[in-house]
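Colleague: I'd like a close look at one part of this model before I go back to the bench. Walk me through it slowly, and carry on to whatever follows from there.

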Amino acid sequence: MSTAHNLFNSLQTFDLGNGQQGKFYSLPALEQAGVGPISRLPVSIRLVLESVLRNCDGKKVQENSVRELANWKPTEARTAEIPFVVARIVLQDFTGVPLLVDLAAMRSAVTKLGKNPKIVEPLVPVDLVVDHSVQVDFAGNAEAMAKNLELEFSRNRERYQFLKWGMQAFDTFKVVPPGIGIVHQVNLEYLAKGVLTDAGGVYYPDTLVGTDSHTTMINGIGIVGWGVGGIEAEAGMLGQPVYFLTPDVVGVHLTGALREGVTATDLALTLTQMLRKAKVVGKFVEFYGPGAAALPVVDRATIANMAPEYGATMGFFPIDAECANYLRATGRDEKQVALYENYYKAQGLWGIPQQGQIDYSTSLALDLGSVMPSVAGPKRPQDRIELPNLQREFFAAYQRPVTENGFGKNRSDFVKSVKVETTEKKKARLGSGSVVIAAITSCTNTSNPSVMLAAGLLAKKAVEKGLKVNPAVKASLAPGSRVVTDYLKKTGLTPYLNKLRFNTVGYGCTTCIGNSGPLDANVEEAVVKNDLITASVLSGNRNFEARVHQNVKSNFLMSPPLVVAFALAGRVDLDLSCEPLGTGKDGQPVYLADIWPTLNEVRDAMQSALKPEVFRKLYKDFAKQNPKWNEIPSSVGNVYEFDAKSTYIQEPPFFAGFSLTPGTIKPITGARALGIFGDSVTTDHISPAGAIKKSSPAGRFLLESGVTFEDFNSYGSRRGNDRIMTRGTFANVRIKNLMLGGEEGGNTFGPDGAKTSIYDASIAYQKQGTPLIVVAGQEYGTGSSRDWAAKGTNLLGVKVVVAQSFERIHRSNLVGMGVLPLQFKDGTTAQTLKLDGSETYDVVGLDAGIKPQQDLTLRITRQSGAVEDVAVRCRIDTPIEIDYYQHGGILPYVLRQIVAQN
């Protein structure tokens with residue numbers, strides 16, 4: 001994008017802090033020019049506005065886009081789309097590998113057209129952090145991390161070779177190798193600079209999108225960024241702006257301070273519940289007020305991280321001295337910190353706003369002093385439970401119908417338990433609510449020294465009291481960076497965590513994304529054989545069904561110290577405010593209050609947590625620090641040579657028969673239902689990331705391809721192979737297809753009316769040339785920014801998804817893959833329409849003249865011949881998305897543009 005313009009006389013200079021001047025596009029200058037009331041705009045909107053102004057070239061970004069955003073109104077119909085050009089892109093390997101596969105396929109396509117493959121090249125810096133591949137196969141001992149790393153490299157060698165090809169093939173593509181940390185913590189502690197400069201010497205804000213929904217963690221340090229699907233990130237890499245509708249901005253006024261015994265995790269879970277109820281899906285959330293200003297960056301980052309769980313595009317904290325202090329403490333150069341301060345002061349963006357200074361669409365309030373110790377679960381992160389109520393709530397969930405997020409069990413079975421002897425010959429008893437996984441994991445909490453040190457201090461006190469972790473519990477510690485290991489060692493807390501079997505298992509997402517590894521074989525057999533509702537406790541951000549482990553049905557999110565506490569208790573069906581965790585070595589009961597660390601104890605330990613020299617030492621020379629990565633060979637060349645025998649990397653069919661002519665938009669007729677689903681169907685349900693079952697279509701395919709069950713790895717690791725991922729779509733063991741009466745598992749009715757797998761039914765329908773439709777309830781596609789949930793839907797032959805509501809990223813991904821999202825009007829559902837899957841569906845009114853968000857007709861023809869027309873809203877939301885849909889998706893659209901320009 002050109003930065004030579006001086007639109008509205010906005011190209012100004014500011015003091016760099018070293019006696020020199022730097023150029024920047026001044027937001028105050030826009031206000032002085034009468035363009036709009038800039039100083040009243042939310043800070044997040046102003047930062048996006050800077051990008052729109054700076055990249056205004058009269059082509060991809062027009063002057064009217066600057067004017068429209070500069071005159072953002074707190075409440076008005078949102079119809080204008082913003083062309084947002086980001087400064088950089090971050091990826092993790094589960095989403096990054098398929099993205100790189102797509103780029104390789106695009107290069108193959110342009111080569112076949114006789115063009116230079118190098119015309120497909122990222123135009124902005126791209127950093128991929130390998131953090132999703134390590135699994136907790138080994139835990140509870142000193143050798144666990146080394147063994148897990150060994151297995152990770154053994155399983156993923158082919159994927160890592162492919163990443164190394166990408167590093168040499170694309171000029172701006174860099175990889176942070178395995179064993180360094182979790183992408184969002186690495187981004188916060190190392191990759192983020194706060195202010196960047198271009199080749200012309202113009203300074204501008206650090207902004208980004210990432211192919212992981214928790215990219216929003218960076219909002220905690222005042223950087224605009226959010227998660228997108230891989231297909232949208234690819235478009236952004238290749239010079240396409242990220243388009244989105246001008247958002248509402250919800251202000252959250254924070255006051256007061258957290259009380260003794262309350263953690264940042266408790267605050268994040270409280271805000272998740274509060275904001276989910278406030279329906280902030282697709283909106284910016286911006287925190288302000290004295291409570292926000294008093295929070296350290298690490299607490300802000302914990303709250304910002306969970307923006308996908310409360311549904312917001314961002315959970316943004318504006319820029320202030322706390323941000324500069326954090327940059328300094330994490331080893332950023334002092335000149336960079338001075339530049340950071342001076343730039344944002346020059347932009348009028350320095351300091352957390354106070355009440356009345358900013359115009360928000362709506363404002364909510366929370367007194368931090370009202371926050372209580374909490375957990376969330378057993379199936380959704382927004383279902384917060386105050387700690388004293390957990391026993392009662394778990395008992396209630398045990399009996400609630402499955403359709404109401406319960407387990408549908410008989411209360412008389414609640415007290416049943418079985419004895420089990422682990423494979424290590426240790427005896428335990430398992431029953432309802434028994435904890436079988438306890439994991440300190442996930443970027444949400446492992447980036448926050450206060451809660452990590454609290455876990456270590458609690459472990460120390462527990463060991464000193466003589467408490468032990470129940471033998472049936474698989475305990476693990478997966479820090480988000482090696483800095484955590486450093487400060488836990490320096491504070492002397494590591495031996496106590498190890499004593500309780502919370503040994504470090506690796507540096508990555510692990511349990512939070514389903515890489516929990518196997519349970520003890522005897523424990524798992526007892527759970528499955530007796531159909532026990534056991535529990536996992538984790539310091540993560542997601543607890544959807546079958547995500548953590550396929551056979552662990554209740555999953556609770558909580559702070560790291562509470563994870564340790566519940567591992568000691570061995571069960572979740574108790575009230576920790578008044579029931580003991582266990583019996584100490586003196587024979588006396590030990591209560592949570594006896595071992596909970598005080599705020600002063602945590603603060604004293606914090607003095608050694610953030611040392612700039614440690615960050616500088618651990619965030620350099622990655623290759624030298626990881627010899628296993630250096631041993632991985634790399635193929636060379638600008639075009640990847642796909643191996644037809646590979647079960648990890650295959651050339652996807654998205655560009656098969658690619659031509660420079662886009663398709664046409666026309667009605668969809670004669671569609672049949674592939675699945676009818678209820679509320680809160682997540683991207684985990686649609687495209688699971690965890691273990692592959694032997695009996696599933698993907699499992700059968702791997703066995704037929706000569707892969708042994710032990711080498712299946714996970715769905716997430718095989719996202720570079722469309723053959724496996726298409727078979728894995730809707731294959732989650734917990735997904736409930738209402739066409740089969742809510743039966744669990746990825747089955748449906750085929751064209752012959754017989755029950756079969758969703759994959760096999762789709763193949764049969766596609767052979768007949770029959771288009772397919774998916775019908776769903778509220779919050780369809782909630783969860784991870786998983787583009788394979790849309791890619792797999794497309795490759796199954798699904799042309800339409802009609803739901804009561806969509807989560808932001810998945811709706812965008814569906815359009816990006818050429819699948820039409822339609823939304824029922826309020827009050828209309830699959831249930832009110834009495835749909836059972838035997839119907840035929842037509843989409844009427846779909847043609848070349850379609851407008852964003854216009855009403856269409858879903859014509860339903862029943863087996864009896866009765867016809868019913870139902871009004872639905874087209875959820876192609878913006879004009880650019882109309883273009884994407886016509887081209888068959890965002891990737892063909894971008895590729896046609898690239899070829900036309902070269």
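Between which two strands is the loop in which Pro-378 lies?

Modeller: Pro-378 sits in the loop between strand E16 (374-376) and strand E17 (384-386). Those labels count from the N terminus, each one a DSSP run: H or I of at least four residues for a helix, E of at least two for a strand. A quick warning: this is a predicted model, with pLDDT of at least 70 required for local features and 80 or more for side-chain atom pairs, while totals for chains, interfaces and linings use all residues. Residues are numbered from 1 along each chain as its sequence is written, and side-chain values use heavy atoms, with hydrogens and water left out.

Back to your proline. The peptide bond leading into Pro-378 from Gly-377 is cis, and its omega is near 10 degrees. While you're looking at loops, try Asn-405 too. Its phi is near 65 degrees, which is a positive value in a residue other than glycine. You'll find Asn-405 in the loop between helix H14 (390-399) and strand E18 (417-421).

Now on to some helices, H4, H7 and H33, taken a pair at a time. Start with H4 (residues 93-112) and H7 (residues 230-237). Their axes come within 10 Å and cross at roughly 55 degrees, which makes H4 oblique to H7. An axis here is a line fitted to C-alpha atoms over the stretch in contact, with angles from 0 to 180 degrees between N-to-C directions. Under 35 degrees counts as roughly parallel, over 145 as roughly antiparallel, 65 to 115 as roughly perpendicular, and the rest as oblique.

The crossing of H4 and H7 is right-handed, the near helix being turned clockwise from the far one by less than a right angle (anticlockwise would be left-handed). On the H4 side, the residues that meet H7 are Leu-99, Asp-102, Leu-103 and Met-106. Their partners in H7 are Gly-230, Ile-231, Ala-233, Glu-234 and Met-237. Contact means heavy atoms within 4.5 Å. Sort this contact by class and you get 6 nonpolar, 1 polar and 2 charged residues. Nonpolar covers Ala, Val, Leu, Ile, Met, Phe, Trp, Tyr, Cys and Pro, charged covers Asp, Glu, Lys and Arg, and the others, Gly among them, are polar.

Next, follow H4 to helix H33 (residues 890-901). This pair packs at an angle of about 45 degrees, and the axes are 11 Å apart. That makes H4 oblique to H33. Here, too, the crossing is right-handed. From H4 come Asp-102, Met-106, Ala-109 and Val-110, and from H33 come Leu-891, Leu-895 and Val-899. The contact of H4 with H33 holds 6 nonpolar residues, no polar ones and 1 charged. Asp-102 and Met-106 are worth clicking on: both meet H7 residues, and both also meet H33 residues.

That leaves H7 against H33. They pack at an angle of about 15 degrees with their axes 9 Å apart, and are therefore roughly parallel to each other. H7 passes H33 in a left-handed crossing, whereas H4 crosses H33 in a right-handed one. In H7, you want Ile-231, Glu-232, Glu-234 and Ala-235. They meet Ile-890, Leu-891 and Val-894 in H33. By class, the residues of this contact come out as 5 nonpolar, no polar and 2 charged. Ile-231 and Glu-234 turn up in the contact with H4 as well as in the one with H33. Leu-891 plays a similar double part from the H33 side, being listed against H4 and against H7.

So when you scroll through, begin at the cis bond from Gly-377 to Pro-378, stop at Asn-405 with its positive phi, and then click along H4 from Leu-99 to Met-106 to see its side of the contact with H7.
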